[in-house]
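Thanks for passing this one along. Here are my notes, in the order I would walk through them with the model open on screen.

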Amino acid sequence: MERYKVRFTPEAEDDLLRLYGFLLEKDVAAAERALEAIKGAAELLRCSPFSCRKALTDNPFLRELVIPFGSAGYVALFEIEPGNTLSILAVRHQRQEDYL
């Protein structure tokens, strides 16, 4: 089984900080759980990134990971790159506007 190296781009790290900060103002424990849910889901990509839905029909390497959390959740946009590397490009709350 192929294993992929998963990395967050600086933009995706900024998204994580923004999402964490938003929840932190409301509920510290929820902010921590959300961050762990996102990071845990990203770890699952190491084994089967092609099982996630395509973000664009004409690009099989640009995909979205749906991350359940509470009544909604998050969506991570990622790209599968040569050399078994996977870059998470953006992370959004499911109720946010699209990032494409």
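**Notes on the predicted model**

1. Overall dimensions come first. For 100 residues, a compact globule would have a radius of gyration near 13 Å, and the protein chain has 13 Å, so the two agree. Please keep in mind throughout that this is a predicted model. Measured out along its principal axes, the C-alpha trace spans about 40 × 25 × 25 Å.

2. Next, the layout of the chain. The protein chain contains two helices and five strands, and going along the sequence they come in the pattern β-α-α-β-β-β-β. Of the contacts in the protein chain with a separation of 6 or more, 48% are between residues 24 or more positions apart.

3. A word on surface and interior. Of the 100 residues in the protein chain, 40% are buried. The accessible surface comes to about 6000 Å², and carbon and sulfur atoms account for 54% of that surface.

4. Now to the largest nonpolar core, which has 24 residues. The members that touch the most other members are Leu-45, Leu-65, Tyr-74, Phe-78, Leu-86, Ile-88 and Val-91. Two or more residues each come from α1 (10–24), α2 (28–44), β3 (59–69), β4 (72–81) and β5 (85–93). Which element gives the most to this core? It is α2, with seven residues.

5. Leu-45 deserves a closer look on your screen. Setting aside residues up to four places away in sequence, Leu-45 touches Tyr-4, Val-6, Cys-52, Leu-65, Phe-78, Leu-86 and Ile-88. Among these partners, Leu-65, Phe-78, Leu-86 and Ile-88 are also on the list of core members that touch the most others.

6. Val-6 is one of the partners of Leu-45, and it lies in strand β1. Val-6 is buried, because its relative accessible area is 13%, and the cut-off for buried is under 20%. Not counting residues up to four places away in sequence, Val-6 touches Ala-42, Leu-45, Arg-46, Leu-86 and Ile-88. If you would like a distance to check, the C-alpha atoms of Val-6 and Glu-81 are separated by 10 Å, with their positions 75 residues apart along the chain.

7. Thr-9 sits in the loop between β1 (5–8) and α1. Is Thr-9 buried or exposed? Thr-9 is buried, at a relative accessible area of 6%. Leaving out neighbours within four places in sequence, Thr-9 is in contact with Ser-87, Ile-88 and Leu-89. With Leu-89 there is a polar pairing to look at: a polar atom of the Thr-9 side chain lies 3.4 Å from the backbone oxygen of Leu-89.

8. Finally, the cysteines, since a bench reader may well ask about them. A disulfide is a covalent bond between the sulfur atoms of two cysteines. How many disulfides does the structure hold? The structure holds zero. Why is Cys-47 not bonded to Cys-52? The closest cysteine sulfur to that of Cys-47 is in Cys-52, and at 12 Å it is too far for a bond. Cys-52 is likewise in no disulfide. The surroundings of the two can be stated as well: Cys-47 counts as partly exposed, at 31% relative accessibility, whereas Cys-52 is buried, with a relative accessible area of 10%. Cys-52 is also one of the residues that Leu-45 touches.

Definitions and conventions. Residues are numbered from 1 along each chain as its sequence is written. This is a predicted model: local features need pLDDT of at least 70, side-chain atom pairs count only at pLDDT 80 or more; totals for chains, interfaces and linings use all residues. Side-chain values use heavy atoms; hydrogens and water are left out. A nonpolar core is a set of buried Ala, Val, Leu, Ile, Met, Phe, Trp, Tyr and Cys residues joined through side-chain atoms within 4.5 Å. Buried means under 20% relative accessible area, exposed over 50%, partly exposed in between (1.4 Å probe, protein chains only). Helices (H or I, at least four residues) and strands (E, at least two) are DSSP runs, numbered from the N terminus. Contact means heavy atoms within 4.5 Å. A polar contact is a pair of N or O atoms within 3.5 Å; within protein, one must be able to donate a hydrogen and the other to accept it, and residues adjacent in sequence count only if both atoms are side-chain atoms. A disulfide is a pair of cysteine sulfur atoms within 2.5 Å. The radius of gyration is taken over C-alpha atoms; the globule rule is 2.2 Å times the number of residues to the power 0.38. Accessible areas come from the Shrake-Rupley method with a 1.4 Å probe; for residues, only the protein chains shown count as cover.
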